[in-house]
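These are my notebook entries on helix packing, the ligand shell and the domain contact, kept in the order in which I looked things up.

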Amino acid sequence: MSSYLEEFRPPHRILMGPGPSSVHPRVLQTMSAPVLGHLDPYFVGVMDDVMEMLKMMFHTSNPLTLPVSGTGSAGVEAAFCNVVEQGDIVIVVVNGHFGNRAADTASRVGGDVRKVELNWGDAIGPDLTPLEDELKKHNKVKAVSVVHGETSTGVLNPLPEIAKLVHRYDALLIVDAVTSLGGELVDMDEWDLDVCHSCTQKCIGAPPGLAPISLGPRAVKVMQERQSQVQSFYLNLSTLQTYWGDRHQYHHTAPISMIYALREALRMAMEEGLDNRLARHARVAAGLRAGLTALGLDLFANPTYRLNPLTTAVVPEGVDQAKVRGRLLNDYNIEIAGGLGQIASQVWRIGVMGGSAEESNVLALLSAMERILPEEGYEVAYGAGVAAAQQAFAAAG
Ligand SMILES: Cc1ncc(COP(=O)(O)O)c(C=O)c1O
């Protein structure tokens, strides 16, 4: 019998990488519900529920709030291709791999990209002079792009002050909330964000496959007044809105089962309460950081701007980053990730996102690290990591 005829049995892993995170059985079960037509009245009700709950997630009343088909990268592309036209100046804040990715995407849709580069591990702010200096250089800047939670470095870039500055220069603020939405506060209306996009597979707790996006009034106006047509048929938000909005006009066949999954994951988030959910991410992240620190590991991100859903720990001198990850996966069923870009071999990236943001996962990881690291020649005080994490959980209440 060739292997593809064997029973399909993927292993149960503890997913503590940068996403996907563990998906709750309730969400997985929803995906096995009968597939409906994409214009079926029952399914239209599902779409309405999803849009309603996404607005709550983004803290917005923006009518143009929907999940684009595709992973987080589809959201990045949709953000840029709908508001940027050929030759528009787009300033991209780069303090990690996904800032660079945004710059690349913006230039592919014709943007004249200017990067504001910062040290990886640092955040943009509180001093916004480098961004303001770049804004001052141009007559008209179309948009400024910032990654809220930089998944390569574990930094959370603060947004409200950036939004005020960007609007003083009459530009749009485009925010990548792929790693933050559902695990950190994203308050689109209060912070006055123009475009904000995310994914389903991290703090929202559904499988990968959809990219929620929301556009505020300034961005919608820019989109409506554009001179050239949006290059992408698939990601054109004006026509997508004719499907998701009241007209329910066919655009492309919606990924029905994924939208069921998103509905259930959002419903679970509403049941938990958004504040409780953020507090859970903060508490679990605090325990993880305390535990790693007690093992003697340095944390990479600037301590003032640490991202709760993702922590970067510096790999100690002489320890093989990939080997430790392999041991965790093969012997303990725990997935964590290595670094990206210029810090690829220097850090481990450890996620506590959505269903993976559980105290028990952190304790399992720390106790596994306490066994593996000494075998790799890095001595740790056995039990210290777990004890420190438990103290931090208790202190966080
Ligand atoms: C901040 C950020 N932006 C964009 C992406 C791209 O998302 P995806 O891999 O789901 O396409 C990621 C993926 O990890 C990310 O972390």
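Entry 1. I began with the contact of H11 with H13, and I note at the outset that the model is predicted. On the H11 side I listed Val284, Gly287, Leu288 and Gly291, and these meet Glu359, Val362 and Leu366 of H13. Sorting the residues of this contact by class, I found four nonpolar, two polar and one charged.

Entry 2. I then looked up the geometry of this pair: H11, which spans residues 274-294, and H13, which spans residues 359-375, pack at an angle of about 15 degrees, and their axes are 9 Å apart. Because angles under 35 degrees count as roughly parallel, I recorded H11 and H13 as roughly parallel to each other. The crossing of H11 and H13 is right-handed.

Entry 3. I turned to the pairing of H11 with H14 (residues 384-396), where the axes come within 7 Å and cross at roughly 150 degrees. Since angles over 145 degrees count as roughly antiparallel, I put H11 down as roughly antiparallel to H14. I noted the crossing of H11 and H14 as right-handed.

Entry 4. For the residues behind that crossing, I found that H11 contributes, among others, Ala282, Arg283, Ala286, Gly287 and Leu288, while the residues they meet in H14 include Ala384, Gly385, Val386, Ala388 and Phe393. By class, the contact of H11 with H14 has 13 nonpolar, five polar and one charged residues. I also marked that Gly287, Leu288 and Gly291 of H11 appear in the contact with H13 and are listed again in the contact with H14.

Entry 5. Next I asked which residues surround the ligand, and counted 14, the closest being Thr71, Gly72, Ser73, Thr151 and Val178. Helix H3, residues 72-83, gives the largest share of this shell, with three residues. The shell around the ligand divides into seven nonpolar, six polar and one charged residues.

Entry 6. Finally I looked at the domain assignment of the chain, which gives domain 1 as 31-270 and domain 2 as 273-396. Their C-alpha centres lie 29 Å apart, and the contact takes 24 residues from domain 1 and 24 residues from domain 2. On the side of domain 1 that touches domain 2, I noted helix H4 (97-108) and strand S7 (155-156) as the elements that give two or more residues. By class, that side of domain 1 has eight nonpolar, 13 polar and three charged residues.

How values were computed. Residues are numbered from 1 along each chain as its sequence is written. This is a predicted model: local features need pLDDT of at least 70, side-chain atom pairs count only at pLDDT 80 or more; totals for chains, interfaces and linings use all residues. Axes are lines fitted to C-alpha atoms, for helices over the stretch in contact, and angles run from 0 to 180 degrees between N-to-C directions. Helices (H or I, at least four residues) and strands (E, at least two) are DSSP runs, numbered from the N terminus. Angles under 35 degrees count as roughly parallel, over 145 as roughly antiparallel, 65 to 115 as roughly perpendicular and the rest as oblique. A crossing is left-handed if the near helix is turned anticlockwise from the far one by less than a right angle, and right-handed if clockwise. Two residues are in contact if their C-beta atoms, placed from the backbone, lie within 7 Å. Ala, Val, Leu, Ile, Met, Phe, Trp, Tyr, Cys and Pro count as nonpolar, Asp, Glu, Lys and Arg as charged, and the others, Gly among them, as polar. A residue is near a molecule or strand if its C-beta atom, placed from the backbone, lies within 6 Å of it. Domain bounds come from an automatic or database domain assignment.
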